[in-house]
Every structure is written in C-alpha cells, then in structure tokens.
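Colleague: Hi, can you walk me through this one? I'm new to this, so keep it plain.

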Amino acid sequence: MSSTTSHHEGKARATARKSGRKKGPATAARGTRGGLPAPGHHLSLLRRMLAIRRFEERCVELYSGAKIRGFVHLCIGEEAVAVGVNQALRETDAVVSTYREHGHALARGVPADAVMAEMYGRATGCSRGRGGSMHLFDAARRFYGGNAIVAGGLPLAAGLALADRMRGSTRVTCCFFGDGAFAEGEFHETANLAALWQLPLLLVCENNLYAMGTSLAREHAQTNLAMRAASYGMPAWTVDGMDVLAVEAAALRATESVRAGNGPHFLEAQTYRFRAHSMYDPDRYRAKSEIEEWKGRDPLKGLAELMSSEGQLDDRVMEELDKEVLAEIDEAVRGAEEAPLEPVSDLLRFVTSEPGSTA
Amino acid sequence: MSTLKAPTGTSRPTTYREALREGLREALLQDERVFLMGEDVGRYGGCFGVSLGLLEEFGPDRIRDTPLSESGFVGAGIGAALGGMRPVVEIMTVNFSLLALDQILNNAATLLHMSGGQLSVPVVIRMTTGAGRQLGAQHSHSLEGWYAHIPGIRVLAPATVDDARHMLAAALADPDPVLIFEHGGLYNAEGSLDETVDAVDLDTAAVRRSGTDVAVITYGGSLPKALAAAETLAGEGISAEVVDLRTLRPLDDATLMACIARTHRAVIVDEAWRSGSLAAEISSRITEQAFYELDAPVQRVCSAEVPIPYARQLEEAALPQPATIVDAVRRTVS
C-alpha cells in the first residue's frame, strides 16, 4: 500500500486555497459575448454556481406552486463543492451522488431542461419521470444518481472504481456524501474496501454540519472527519467548501493522485446549506444567527468579490450573467411544462431489461 | 417445459458442489469480465468448498476474498456490474444477506427503473439457504421468498446437479440482477449430470416426476424430500406429480396451472415459514387462475413458525419431511 499520509489539519486547507487562487487566470480575457466578457476561468465557475443557485431558487417557486412535488433537497450555499469538484473530473470519470444532487448533476453537465423535466415527472426527464428530484441519472455522462439512502451510494462507487481498477483504466470515480453518511457502516465498509484494494476513488464528504436536523456534534463521537478517514490509510484533506477555488485546487490535487494509482483519497468540504434540509423542514434546529453568519461566506459572493477586486467583474456583467442564466431556466421550465407525460401504459417498463437486451 | 431425463450413457455422477464449481469455472474461462467475490472464496476455497482450487487457477484478482462487510462488497459488486464487469458475489448464508438487503433492494433491483431504463445491473449474487445441518437459527433460515417479493430481480433455486451446473451461465446472460439460492443440505448430494444438456432455461418450472392424482409443488432443498414422498405414495397407489419451481421469481404460472389441470389437487412444499410465504403466493395464484380445476383445497407443508432450533429432533420436527408431505397428500386425495 502506498502513502498513508494524512493532511487533515488546517494547513492543507490554507495551501489549497492559496494554490487555487494562483491557478486561475489573473485577469479574464477581454472581449464580448452577448455583452459579457469572454469566458475566463473564474467567470465560468461563477456562471456554473449561479446556474445552480437560480435553478434551485426556481425549484422553490415551483414547489410552492405545486408544479413539482416529492422531497426536494436544495444545495443553496453548497454550490462551490459541486462546481469545484466537477471541475477536476473528466468526462470519462464517474460521479455517484446523494438525494441533494441537483448541483452535482448540473455541474456534471446534465442539461438543466432534462433535470427540470424530471422534477416535473415528464417523459423528457433524465430518469423518464421515475426518479424525481432525489433520483437524477445520466448514464451517458456517467452520473449514477441520485441515491436517497444515506451512504447507499458509497459501495456502488467502490464497485465502479473496482471495475476500472481491474481493467487498468485511469478513470476516477467520485462519490459525494454528507456528514450523516459518516455514521453509517457503509461509509466504513467502503473506506476499508477502497483502501484495501487501492481503488481509484475520490470520496467527497460535504460536511454541512447537519444530518437532517442533527448537528455533527450530536451525531459523532469524533467530529474530525478527515482524521477518521485517514485512519483507513488514505490521504485525507479538509478544504473550505465555501471557496470554489480552494475546492477546485484540492480536488485537482486529489484526482491527479488517484489517477496516478495512489488509491482512494478523502476530501472533506466544510460547507453549509442556507436553506432547510428539505422543503418540508421547518428548520427549528439551527440558530438564525448561525445561518446568517454562514450566508456571509456565500461562495458566489466570495468569488464575485475576488473577481471585482481583480477587475474581472462589475455590476453590469453580473446582471448580464444573471439574465442569461435565468433565460436558460425559463427555457427549461417551459420545456418541462410542454413535455409529454410518461404514459401510464408504460408503468411496468424498466423493471427488468426490455427483450433483446443482453448482458 | 423441461423434464428430468432418465440416466443414460451420456450422464456422469457428480455432486451439487462440484457441479456449481464447474459452472463457475466455465464462466471464468469464457468471459474475462467475470470474477468471484465474497467471504473466504479464495484461500479458504469457499465456506462450502464450492470455489476450492479456483484461486490457484484464476488468481486473487478474479477470486477475490472480501472483508466481512456484506453491504460493502455486495454494493461493490453492483457498482462493478454498472461499470461493465460481470461479478458473481457470494454471500455465506441468506441470514447474512440481510446486511446487504439495502444494496440488493434499493440499488440492484431499483436502479434500472429509477433511471428510466438507463442503468441495468448484471450482477449475480449466490448464497446458501435452508436448514437441516444443526446450525441454529442464524444460519438456517429460508428467506428466498422475501427476495422473490421484489420486482427487478430474478430468483433462482437450483435443486438438481444439472441446474447447479448450468444456471450460473444463464444468470450471467441476464442483463438484470439474479440471486441464486443454494440449499446447504444439497452440497454433498450426488446426482447424475446429463452431458447432453449444455444450457438451462430460467423461465420454466420442471416436472421432475409425472403423476395424475396430485401436484406436489416445491423447489431447492425440498425437492429430494418431495420425490421421496412421491415414491412412498406410489406404493399406496397415489400418483404424485412433482414440480420443481427452479425460478422463484418470476414464477412460471403456465406450468403450474397445467399441472393443476392434470391433477386437480395441489400440495406446496416450502421450507420457509408458512405466514406470508412463497407457498402462500402460489396457493393464491392457483385459487385465482385454476379455482374451478380444483377437487380439494390446496395444502401447504412449510416450516414450523419458530426460529430454526439446534437440537436434531427439534430441527427435524420444524422442517418439512417426506412423512409430513405424504400426510398432506393423503389429506388432499382422501
């Protein structure tokens, strides 16, 4: 077994942020594209985070208007993790996600209209109306859900990585999960298997401090998650999950190492959801002041301020960006509204493979 | 409908265990995507000796010992299937499989539907089931009926050496998850492997003995008991047809109803508990589909509703036995 180094202290976090900030272009290339500067790296990150933010804000409206139903878990506040990590992944890599996966799906490149149509339960939805908000899938983009059993995606991700490992592929499987999953046996079984077999797996823990309504301190005897992950003999880093550049830098470093054959890596992104656990949650377990404090570290605001200070962004560009993103969401909603319903006569399809399918 | 062929010059004696191993070996030789993974499958040679020798032949990558973490390695098998491999995952007993039930039900059986047809899961999961070896409650239950409750998976129960030899290949050819339940009491059973058979059909039940007075419907470890009962009954002038379900999901209604149409009576033998059992499901289907063919109420011979006990006399009394099957048949034909 290779390196068992642990980088679970704040030092790595600072380094990651620093190198991340260095990495992006100092100034965005100038030019025009519909009133916007040509897409520089920072602007592209900002746009993708904004697209997730506005998509989910629209979900709130649509949920309140009873256009979409079910359990809807929003990642508002956590966009930097989805965007930063996906930035480090290649098209050929695999992503396994949780029930709070709109951001992961969108950042992975699953089209917003396919996600929105799924929320509407339409035939054009990315799971043909059988999954809904919690079960988004896109096989072509190697996006494997969409798992609503806490930690249930972890063994799957190990298996995807095992398949790559057995065939000598350099693909990476990235698995997102929350701090709640850390208490499940499946996390520990997966960490053990992955480290034992040196699987090409990137474990990304989105530590938003709450497992539904139970705070980290009330669910874990030891709240230093990276330290616990490191005990399995894998490199484990903690990163500021509100800083997209820091997340990107840490994820790049981790995926490069995974790709180089150094086995699984663990990345804890310290983040926060600004909204409740789900649309049903009255959010009684958190202090308003705590929420406000974290909102002060809004990842979109943070990147926008950095870009402004470097002369890459002004109010006019921000407005244009917002307009463009909102127009795309309008289009996704219109498409979903107009899309056909999956016919009830097809209810029993996809329980087993259609005739003619062979393994 | 397949029938049990009479021994011919083209058959050879083997055990259920050896037949399973031959099937595994053939699968590993024919498709490099196939690998075996489970507790003690490698160096130990398999808890029941099924994979003995395969590690030496195929190496530790393809005969992969796992830690004792059923949910983890079953889930990894499901993920590897998603990733293009053809894993055969062995769980020591059905009792232990409950630790992996989340992965089997919430992922393996569900992903195809939940993804709108995008993600098929060609995983094969083998495990031991059943009692009769004085192993106590936590190693002796028959829970395959619970799995047969779940849409999205196929559930197999090989009862003969031919099925033990060939069901794996058919399971691996299925694009969807397949669970194979091997009865622990059968591993040492000797049978005559028909060398003219090179494939089995997973969609049909098999009539293992023809008869005209009653259909005895069973599967897996209860098949030899049902055949023994039929032999006893023949001595009393009662002609019992013995049907081996082979596939517990989906059930082959057509073969079952054809048997009822011939015999007009049915006794179902199922080692699981009676309440909410596969036997209950089959009884209900007969009532729904062949009620007017029946000359007597459907009878069931199941295990006593107790956790399977250790002491030999208690265990024997808890399980279906040839004598209890004979009694049930007598009740139904009288």
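Colleague: Start with the second largest cavity. How does its lining divide into nonpolar, polar and charged residues?

Modeller: Its lining has 8 nonpolar, no polar and 3 charged residues. Here Ala, Val, Leu, Ile, Met, Phe, Trp, Tyr, Cys and Pro count as nonpolar, Asp, Glu, Lys and Arg as charged, and the others, Gly among them, as polar. One caution: this is a predicted model, where local features need pLDDT of at least 70, side-chain atom pairs count only at pLDDT 80 or more, and totals for chains, interfaces and linings use all residues. Residues are numbered from 1 along each chain as its sequence is written, chains are lettered from A and ligands numbered from 1 in the order in which they are written, and side-chain values use heavy atoms, with hydrogens and water left out.

Colleague: What is a cavity, then?

Modeller: Take a 1 Å grid over the protein atoms alone: a cavity is a set of points where a 1.4 Å probe fits but cannot get out. A pocket is an open set with protein on both sides within 12 Å along at least five of seven lines. Lining residues have an atom within 4 Å of a point.

Colleague: Which elements supply at least two residues each to that second lining?

Modeller: α1 (16-30), α8 (161-173) and β8, in chain B. α8(B) gives the most, 4 residues. Helices (H or I, at least four residues) and strands (E, at least two) are DSSP runs, numbered from the N terminus. The space in this cavity is about 70 Å³. A volume is the space filled by probe spheres set on the grid points, which are joined across faces, edges and corners.

Colleague: How many cavities of 30 Å³ or more are there?

Modeller: The count comes to 5. The largest holds about 80 Å³. Its lining includes B:H183, B:Y219 and B:D270. β8 (178-183) and β14 (266-273) of chain B each give two or more residues to it. That lining splits into 3 nonpolar, 6 polar and 3 charged residues.

Colleague: And the largest pocket, what volume does it have?

Modeller: About 500 Å³. Among its 30 lining residues, B:A148, B:P151, B:I153, B:R249 and B:P250 are the closest to its centre. The lining divides into 13 nonpolar, 9 polar and 8 charged.

Colleague: New topic. How many disulfides does the search find?

Modeller: It finds 0 over all chains. A disulfide is a covalent bond between the sulfur atoms of two cysteines. The cut-off here is a pair of sulfur atoms within 2.5 Å.

Colleague: Why is A:C175 not bonded?

Modeller: Because its sulfur is 7.2 Å from the closest cysteine sulfur, in A:C174, too far for a bond. A:C175 is also buried, with a relative accessible area of 1%. Buried means under 20% relative accessible area, exposed over 50%, partly exposed in between (1.4 Å probe, protein chains only).

Colleague: What about the largest nonpolar core? Which residues touch the most other members?

Modeller: A:F177, A:F266, B:I217 and B:I286, out of 93 residues. Helix α6 (residues 153-166) of chain A gives the largest share, 9 residues. A nonpolar core is a set of buried Ala, Val, Leu, Ile, Met, Phe, Trp, Tyr and Cys residues joined through side-chain atoms within 4.5 Å.

Colleague: What does A:F177 contact, leaving aside its neighbours within four places in sequence?

Modeller: Its contacts include A:T98, A:L154, A:F187 and A:F266. Contact means heavy atoms within 4.5 Å.

Colleague: Last one: how many helices and strands are in chain A?

Modeller: Chain A has 13 helices and 8 strands. Of its 359 residues, 57% count as buried.
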